[in-house]
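I opened a fresh notebook page for this one. My plan is to jot down what I look up, one entry at a time.

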Protein chains: 2
Amino acid sequence: MDLSRHIAQKFSELSSPLSDAALDKIASILVRTEVKKNTLYLKEGEVSKYIGYVYKGMLRLFYYKNKKDLTEHFACEGTNFFSIESFFRQQPTHLMIEALENSVVYGLPHDELLELAAEHYEIEVMYRTLIENSLILSQQKADTLRFESANERYRRLLREHPEIIQRAPLSHIASYLLMTPETLSRVRASLV
Amino acid sequence: MDLSRHIAQKFSELSSPLSDAALDKIASILVRTEVKKNTLYLKEGEVSKYIGYVYKGMLRLFYYKNKKDLTEHFACEGTNFFSIESFFRQQPTHLMIEALENSVVYGLPHDELLELAAEHYEIEVMYRTLIENSLILSQQKADTLRFESANERYRRLLREHPEIIQRAPLSHIASYLLMTPETLSRVRASLV
DNA sequence: CCTTGCTTTTGATACAAGTCAAGACGTATA
DNA sequence: TATACGTCTTGACTTGTATCAAAAGCAAGG
């Protein structure tokens, strides 16, 4: 299918370009899922089977801590997402994935991916590169959250991902930015 | 050399066990370096060539932000460390690595590692697994730093890595725990 | 049009941690 | 012994953000 081919290409964009054969292989294992607004793509306790690619819509990754709903990540159109610990170790997840809008996700299934990676080294390299990039991003995110004030964190999000601010509820943005909804409200008021 | 074999095994411990042939290959590319106390294993602006393994001693990874010296990680005996962004992308690093004591490091060189990984799939898997584990740790660390108070962060370090508290200067421990030396001093006083 | 229930804003207060400044302590040097 | 220097501690004050509580805004249903 042509669309799957296109999605496969998206997965490969981070590393060196893949051969047509490899792209076809990846396209052949992709699993398309429609996720309705406010429903879960991954529930707590399940094992995360896919690395997801957001073809349409928007999702958030979140978990509960002391009864509080904390958003760890927003997955926008055209980006990848996955529940790191659960996917790598194939263990039950504490991280849930929920659609903020009606969304379409293409998933790269764990077992099939590993099989392909073992057969085609370029796919293995693509997979490894994807993980490397996630690690770099994870570090960068930790660094910025560490040293910026609530105000700066909001302004950074506004600058780098205005679509999140437009499309996600403020309560989720607040927990993503590590502040209370009250503080977020005051920060926003101070910028007008 | 038998010692290198042993170190190679250490690298492989995170993934499934490696064949003797693979262990020998890894052992053959390891580079031993003695790092004297207070000297740098990796300087700002250099390209990080190695994933390091601390055979003896202790090092810290740090960088400058607004003229402040910030410790990002302590590498203790028996553990791995590397400058993530610089190593993966083979770019100049902003992260420096310094010995806190006279230390001995075994380094797995980037280019040779990638060559071996391309030849021996089990080595590639070991490398990938090492990255996966780093990513899991990076996430976990971000999570704990996020939601714990200065007091709790110190107590966690005391519980999980007492050797760091005994062997590293308090100023570095303070920046590692994301607090000022004054706050660290007060936290310590409050626990006696 | 008025409920009901959410989300967001505003206000008052509390507290953890940062800052600035001074003092104590320890170790090495003269 | 004295001096100097770095490290750590203590004190007084400030500040950003959380908390608790109430009000305002807004959408959906009767």
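Which phosphate oxygen contact does a backbone N or O atom of A:Ala150 make, and at what distance? I looked it up: the partner is a phosphate oxygen of DNA strand D, and the two atoms lie 2.8 Å apart. A note to self before going on: this is a predicted model.

**Entry: DNA strand D**

I stayed with this strand and listed its surroundings. There are 14 residues around DNA strand D, and the closest are A:Ala150, A:Thr183, A:Arg186, B:Ser185 and B:Arg186. So much for the list; next I checked single contacts. In A:Thr180, an N or O atom of the side chain sits 3.2 Å from a phosphate oxygen of DNA strand D. The side chain of A:Glu182 goes to a base: one of its N or O atoms is 3.2 Å from a base nitrogen of DNA strand D.

I then asked which elements supply this surface. Two or more residues each come from helix H9 (181-190) of chain A, and from helix H8 (170-176) and helix H9 (181-190) of chain B. H9(B) gives the most, with four residues.

What part of DNA strand D do the atoms within 4 Å of the protein belong to? I found that 62% of them are sugar or phosphate atoms, and the rest belong to bases. On the protein side, I sorted the residues near DNA strand D by class and got five nonpolar, five polar and four charged.

**Entry: DNA strand C**

I went through DNA strand C in the same order. Around DNA strand C I again looked for the nearest residues: of 14, those that come nearest are A:Ser185, A:Arg186, B:Ala150, B:Thr183 and B:Arg186.

For the contacts, I started with the backbone. A polar backbone atom of B:Ala150 is 2.7 Å from a phosphate oxygen of DNA strand C. The side chain of B:Thr180 also has a phosphate partner, with an N or O atom 3.2 Å from a phosphate oxygen of DNA strand C. B:Glu182 takes a base instead, its polar side-chain atom lying 3.2 Å from a base nitrogen of DNA strand C.

The elements giving two or more residues to this surface are helix H8 (170-176) and H9 of chain A, plus H9 of chain B. H9(A) has the largest share, four residues. Of the atoms of DNA strand C within 4 Å of the protein, I noted 61% in sugar or phosphate and the rest in bases. By class, the surface near DNA strand C splits into five nonpolar, five polar and four charged residues.

**Entry: where chain B touches chain A**

Next I turned to the protein-protein side. I found 32 residues of chain B in contact with 32 residues of chain A. The area buried between the two chains is about 3100 Å², and carbon and sulfur atoms give 58% of that.

How many salt bridges cross the interface of chain B and chain A? The rule finds two. I looked up one between A:Glu124 and B:Arg128, whose side chains meet at 2.8 Å, N to O. B:Arg128 lies in helix H5 of chain B and A:Glu124 in helix H5 (residues 121-147) of chain A, so the pair joins two chains. For the record, the count over all chains is 24 salt bridges.

I also counted polar contacts across this interface, and there are 19 residue pairs. On the side of chain B that touches chain A, the elements giving two or more residues are strand S4 (59-65), strand S5 (68-75), helix H3 (84-89), helix H4 (110-119) and helix H5 (121-147) of chain B. H5(B) gives the most to that side, with 19 residues. The residues there divide into 17 nonpolar, five polar and 10 charged.

**Entry: how the two copies relate**

Last, I superposed the chains. Chain B can be laid on chain A by a turn of 180° and a shift of 0.0 Å along the axis, with an RMSD of 0.0 Å. That is the relation of a two-fold axis. The same surface serves both copies, as 100% of the contact residues of chain B recur in chain A.

Which residue of chain B comes closest to the rotation axis? I get B:Leu135, with its C-alpha at 2.6 Å.

Methods:
Residues numbered from 1 in each chain as written. Chains lettered and ligands numbered in written order. Predicted model: local features only at pLDDT ≥ 70, side-chain atom pairs only at ≥ 80, totals over all residues. Heavy atoms only, no water. Near = heavy atom within 4 Å. Polar contact = N/O pair within 3.5 Å; in protein donor to acceptor, adjacent residues only side chain to side chain. Nonpolar A, V, L, I, M, F, W, Y, C, P; charged D, E, K, R; others polar. Contact = heavy atoms within 4.5 Å. Buried area = accessible area lost by both parts, 1.4 Å probe. Salt bridge = Lys/Arg side-chain N within 4 Å of Asp/Glu carboxyl O. Least-squares fit on C-alpha atoms with pLDDT ≥ 70 in both.
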